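Reader: I am new to this one and would like the labels explained. Please go through the reasons behind them.

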Amino acid sequence: MKVALASLVLAVSVGFGPGPAQSSGYVVIVHPDNPVSSISKKELSAYLLKERSQWPGGVEARPVDQVASSSSRRAFSRAVHGRSAASIKDYWQQQIFSGDGVPPPEVAGDDEVVAHVRRNRGGIGYVSRSMRLEGVKELAIPN
């Protein structure tokens with residue numbers, strides 16, 4: 001019984017157990033002028049990894065990331081990139097070292113993400129589901 005309970009607690013704490021932690025630990029936001037209303041996880045990953053640089057209509061994409069210790073970033077990295085936040089940090093270190101790119105700016109929390117997206121027409125970021133969204137637009141992510 002103790003082993004089963006410990007396994008359940010571990011599974012829930014890392015986001016593999018029952019409940020909404022896997023897909024709803026974050027909300028993706030863009031500037032309200034962005035014509036996009038829905039985005040796939042593959043497209044979303046491409047914007048955050050700077051593999052896509054423009055939105056439909058030609059506006060430059062301006063992604064923002066949260067610090068690796070953020071619970072929103074951990075949930076986002078697992079759900080969208082299929083990798084840990086630490087693995088994404090390693091990816092960016094390789095990109096910098098090889099001269100292939102620099103990561104999006106990292107900010108300390110949800111408020112800074114919202115401010116970045118609000119200031120930049122091409123802004124895209126993610127915040128915790130509980131964040132109050134003013135002056136930004138939430139994107140739907142179909143399964």
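Author: What follows takes the labels one at a time, for a model that is predicted.

Reader: What does the chain consist of, and in which order do the elements run?

Author: The chain has six helices and six strands. Starting at the N terminus, their order is α-α-β-α-β-β-α-α-β-α-β-β. Of its 143 residues, 39% count as buried.

Reader: How many aromatic pairs are there?

Author: The count comes to four aromatic pairs. One of them is formed by Tyr-47 and Trp-55.

Reader: Why is the pair of Tyr-47 and Trp-55 called stacked?

Author: Two rings pair if their centres lie within 6.5 Å, and planes under 30 degrees apart count as stacked. For Tyr-47 and Trp-55 the values are 4.1 Å centre to centre and 20° between the planes. Both conditions are met, so the pair is stacked.

Reader: What makes Tyr-47 and Trp-55 buried or exposed?

Author: Buried means under 20% relative accessible area. Tyr-47 has 3%, so Tyr-47 is buried. Trp-55 has 4%, so Trp-55 is buried.

Reader: What makes Phe-76 and Tyr-126 an aromatic pair, and of which kind?

Author: Their ring centres are 4.1 Å apart, and the planes differ by 5°. Set against the limits of 6.5 Å and 30 degrees, these values make the pair stacked. The pair links distant parts of the chain: Phe-76 is in helix α4 (residues 71-81) and Tyr-126 in strand β5 (residues 123-127), 50 residues apart.

Reader: How do you know whether Phe-76 and Tyr-126 are buried or exposed?

Author: The relative accessibility of Phe-76 is 1%, under the 20% cut-off, so Phe-76 counts as buried. For Tyr-126 the relative accessible area is 0%, so Tyr-126 is buried by the same cut-off.

Reader: Which residues form one aromatic cluster with Tyr-126?

Author: Tyr-26 and Phe-76 form one aromatic cluster with Tyr-126. Leaving aside neighbours within four places in sequence, Tyr-126 is in contact with several residues, among them Tyr-26, Leu-48, Val-64, Asp-65, Phe-76 and Val-113. Tyr-126 and Val-113 are 13 residues apart in sequence and 7.1 Å apart in space, C-alpha to C-alpha.

Reader: Why is the link between the side chains of Tyr-126 and Asp-65 called a polar contact?

Author: A polar contact needs a pair of N or O atoms within 3.5 Å, one able to donate a hydrogen and the other to accept it. The contact that joins the side chains of Tyr-126 and Asp-65 is 2.3 Å, so its distance is within the limit.

Key: Residues numbered from 1 in each chain as written. Predicted model: local features only at pLDDT ≥ 70, side-chain atom pairs only at ≥ 80, totals over all residues. Heavy atoms only, no water. Phe/Tyr/Trp six-rings, centres within 6.5 Å; stacked < 30°, edge-to-face > 60°. Buried < 20%, exposed > 50% of the residue type's maximum accessible area, 1.4 Å probe, protein only. Helix = DSSP H or I, 4+ residues; strand = E, 2+ residues; numbered from the N terminus. Contact = heavy atoms within 4.5 Å.
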